[in-house]
There are 2 protein chains.
Amino acid sequence: MNTFAALADPTRRRLVEELGRGERTAGELAALARDEFGLSQPATSRHLRILRDAEVVQSRVDGARRLYTLEPQSLETIDDWLDQFRSLWSSALAALGTEVARGRRTPTQDTTTTTTNQDGVVA
Amino acid sequence: MNTFAALADPTRRRLVEELGRGERTAGELAALARDEFGLSQPATSRHLRILRDAEVVQSRVDGARRLYTLEPQSLETIDDWLDQFRSLWSSALAALGTEVARGRRTPTQDTTTTTTNQDGVVA
DNA sequence: TGCTTATATATGTTATTCGTTATATAACGG
DNA sequence: CCGTTATATAACGAATAACATATATAAGCA
């Protein structure tokens with residue numbers, strides 16, 4: 001789960017967003033990072049290396065260029081990690097669950113036959 | 001989107017996972033980090049501060065204890081960010097999209113009336 | 001071949017991160 | 001009140017991160 005660290009940097013997230021729209025050359029990505037963040041070409045190259053090492057992106061050679069593509073599986077890993085928390089916000093019961101977990105004794109409305117991950121809630 | 005940085009550390013992810021199961025005291029979390037990572041109490045306290053600053057967790061005072069709870073909205077932010085990429089893996093067409101984006105001329109099977117984010121695919 | 005373009009790596013600097021030990025703060029129990 | 005418990009902060013060092021400038025590598029082209 002090195003992926004989180006790779007995405008911890010705003011520049012890298014921006015590069016990943018761009019690659020979400022399709023394949024890009026290193027030069028196109030460097031231009032983007034220069035325009036939006038004022039970064040030098042080597043700086044972007046370093047960011048791309050970090051993304052490559054984390055397998056968030058992949059590159060292939062095309063003559064003198066390097067073409068980068070997103071590796072969606074890496075993002076899916078994060079999505080999978082989030083699964084264990086999704087019940088805490090995705091259902092209508094999320095707010096209730098939060099209330100109860102924080103010690104409220106009288107939730108707004110009674111709810112039977114439900115489960116959440118938070119303590120103090122019916123399991 | 002400071003959240004990614006907060007979750008970049010494995011110890012902090014573990015603490016968040018634990019808090020996903022319900023409210024915990026700082027001491028319980030410190031014990032967990034000590035047992036699983038060999039960390040000192042101050043080290044865990046620092047991790048908790050980082051999670052607090054990033055609003056991934058919240059704490060409240062209970063006598064001499066601090067009770068920590070997860071702030072699920074922060075995780076939802078990540079989930080929302082992932083939305084723009086989800087089509088790249090969630091559908092059966094994801095693999096096909098990848099193929100085409102990478103320059104394959106003859107996908108395994110024809111698919112009409114679909115859209116993906118990747119270049120070279122029907123929009 | 002030799003200049004130019006495209007991209008990566010090297011180097012040095014500064015800022016940040018993460019850990020430890022030591023210490024402060026505040027509540028608790030006798 | 002005092003010792004103990006619970007937790008945070010201070011101080012410091014080692015490792016890492018991120019940037020710029022300079023340079024290497026290799027392809028493209030006249």
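How many nonpolar, polar and charged residues does the surface near DNA strand D have? Keep that in mind as you load the model, which is a predicted one.

**Stop 1: DNA strand D.** Select the strand and the protein around it: 24 residues surround DNA strand D. Zoom in on S40(A), G63(A), G27(B), P42(B) and R65(B), which are the closest. Next, colour the elements that give two or more residues to this surface: α4 (41-53) of chain A, and α3 (26-37), α4 (41-53) and β3 (65-70) of chain B. Of these, α4(B) supplies the largest share, six residues. And here is the count by class: nine nonpolar, 10 polar and five charged residues.

**Stop 2: DNA strand C.** Now select the other strand in view, DNA strand C, with 24 residues around it. G27(A), P42(A), R65(A), S40(B) and G63(B) come nearest. Two or more residues each come from α3 (26-37), α4 and β3 of chain A, and from α4 of chain B. Highlight α4(A), which gives the most, with six residues. By class, this surface divides into nine nonpolar, 10 polar and five charged residues.

**Stop 3: the sheet in chain A.** Hide the DNA and show chain A as a cartoon. You will find an open, antiparallel sheet of three strands in the order β1-β3-β2. Both β1 (24-25) and β2 (57-62) are edge strands with a single partner strand each, so one side of each has no neighbour in the sheet. Follow β2(A) to β3 (residues 65-70): six bridges join this antiparallel pair. To pick out one partnership, select Q58(A) and its bridge partner T69(A).

**Stop 4: the helix across it.** Finally, select α2 (residues 10-19) of chain A. This helix lies across β1, β2 and β3 of chain A, at about 90° to β3(A).

Note on methods: Residues are numbered from 1 along each chain as its sequence is written. Chains are lettered from A and ligands numbered from 1 in the order in which they are written. This is a predicted model: local features need pLDDT of at least 70, side-chain atom pairs count only at pLDDT 80 or more; totals for chains, interfaces and linings use all residues. A residue is near a molecule or strand if its C-beta atom, placed from the backbone, lies within 6 Å of it. Helices (H or I, at least four residues) and strands (E, at least two) are DSSP runs, numbered from the N terminus. Ala, Val, Leu, Ile, Met, Phe, Trp, Tyr, Cys and Pro count as nonpolar, Asp, Glu, Lys and Arg as charged, and the others, Gly among them, as polar. Two strands pair if DSSP finds at least two bridges between them. Two residues are in contact if their C-beta atoms, placed from the backbone, lie within 7 Å. Axes are lines fitted to C-alpha atoms, for helices over the stretch in contact, and angles run from 0 to 180 degrees between N-to-C directions.
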